[in-house]
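Reader: I keep seeing labels put on structures and never hear the reasoning behind them. Could you take me through a few?

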Amino acid sequence: MKQIDVKNITFDYIVRDENDQIESSIRALEDLSMEVKPGDFIAVLGRNGSGKSTFAKMLNAILLPNFGDVIVLGMNTKEEDNLLEIRKNVGMVFQNPDNQIVANVVEEDMAFGPENLGIPSEEIVKRVETVSHMVGMEKFLQKSPNKLSGGQKQRVAIAGVLAMKPKCIVLDEPTAMLDPIGRRDIIETVTKLNHEEGITIIMITHFMEEAAAAKRVVVIDKNRIQMDGTPGEVFADYRRLKEFGLDVPQVTELAGKLKSAGIPLPDGIITVEELISELKSRKTGT
Ligand code: ADP
Ligand code: MG
């Protein structure tokens, strides 16, 4: 079953001069196809300008493809009648937490999405209560968002999206502006939403360690999907990753070096825990 079906999409940005005449066009996506299944946790990697943000904006009809189609839960993003239902089901979280906060009190901010959908207020109160727990911000409901850290603000933004009960959340570099603690909290939050609530996660990131938390890693380069597999599969092919301007997680690199030094280790080690358990399972001197 497909939740989102991206079929051969091509997209060009039109660049206009000061007289509003078309000056040039920039290709951002070319003949890109991808299927997203319910419950997927996909990390999208790719160097700057490779088309990741454009791709993300295709998934809830912020942008529409020039060629090809994006089908969300059976609905084509090109049909205007589908917009509300698509936006309700595919929530977006962006890089800068400050641009996403709309209210002066945390609970009002979380209620903003469902209010726009016309949900009755008793139901909204219940939803805000539930989603604030899901992101671990239940103690901050009466606070001003201005007083929160970047990571806390991002969790409020995620809660606001959750309050619309989406099937899928798309996050475009949600941790890029956060400190290490904020980054860890966001990754833990989205991992929990995926594992416990079954919400599909599509997360663009340039941190390889974060991609290791996903079930599936997709690499975009030159406007197309170049790699698609489990984190273990994708990070095992470090030569191709380098070709696309990417690295492997530090622990994967270390495991590779240990292997070159004669310690027999499998390919595709992507977490510290895996490396520890591999090393422990070997007796010294073997
Ligand atoms: P990424 O998120 O991977 O950095 P983007 O999707 O933002 O990549 O950009 C893909 C290509 O489209 C790049 O060449 C970028 O310069 C271009 N681009 C992005 N946004 C615009 C825009 N609003 N107008 C013109 N070109 C754009
Ligand atoms: Mg981007």
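Author: What follows is a chat about a few labels and the values behind them. Bear in mind that this is a predicted model.

Reader: Let's start with glutamine 100. Why is glutamine 100 called buried?

Author: Its relative accessible area is 17%, and buried means under 20%. So 17% falls below the cut-off, and glutamine 100 counts as buried.

Reader: Where does glutamine 100 sit, and what does it touch?

Author: Glutamine 100 is in the loop that runs between strand S6 (90-93) and helix H3 (106-116). Leaving out residues up to four places away in sequence, glutamine 100 touches Met92, Val93, Phe94, Asp109, Gln154 and Ala157.

Reader: What makes the pair of asparagine 96 and glutamine 100 a polar contact?

Author: A polar atom of the glutamine 100 side chain lies 3.2 Å from the backbone oxygen of asparagine 96. The limit for such a pair is 3.5 Å, so 3.2 Å is within it.

Reader: On to helices. How do you know whether H5 is roughly parallel or roughly antiparallel to H6?

Author: Helix H5 (residues 150-162) and helix H6 (residues 180-197) pack at about 20°, with axes 8 Å apart. Angles under 35 degrees count as roughly parallel, so H5 is roughly parallel to H6. On the H5 side the contact involves Gly151, Gln154, Arg155, Ile158 and Leu162. H6 brings residues including Asp185, Ile186 and Leu193. H5 passes H6 in a right-handed crossing.

Reader: And how does H3 pack against H5?

Author: H3 and H5 meet at an angle of about 35°, and their axes are 7 Å apart. This crossing is right-handed. Val106, Asp109, Met110 and Pro114 of H3 meet Val156, Ala159 and Gly160 of H5.

Reader: Which residues of H3 are buried, and what covers them?

Author: The buried ones are Val106, Asp109, Met110, Ala111, Gly113 and Pro114. Their cover includes helix H4 (121-134) and H5. Just after H3, glycine 118 takes a positive phi of about 80°.

Reader: Last one: what makes strands S1 and S4 a pair?

Author: Strand S1 (residues 4-16) and strand S4 (residues 67-72) share 5 bridges in the antiparallel sense. A pair needs at least two bridges, so S1 and S4 qualify. Threonine 10, for instance, has phenylalanine 67 in S4 as its bridge partner.

Reader: Which are the edge strands of that sheet?

Author: The sheet is open, with 4 strands in the order S2-S1-S4-S5 and antiparallel pairing. Strand S2 (22-36) and strand S5 (75-76) are the edges, each pairing on one side only.

Key. Residues numbered from 1 in each chain as written. Chains lettered and ligands numbered in written order. Predicted model: local features only at pLDDT ≥ 70, side-chain atom pairs only at ≥ 80, totals over all residues. Heavy atoms only, no water. Buried < 20%, exposed > 50% of the residue type's maximum accessible area, 1.4 Å probe, protein only. Polar contact = N/O pair within 3.5 Å; in protein donor to acceptor, adjacent residues only side chain to side chain. Contact = heavy atoms within 4.5 Å. Axes fitted to C-alpha atoms, helices over the stretch in contact; angles between N-to-C directions. Parallel < 35°, antiparallel > 145°, perpendicular 65-115°, else oblique. Left-handed = near helix turned anticlockwise from the far one by under 90°.
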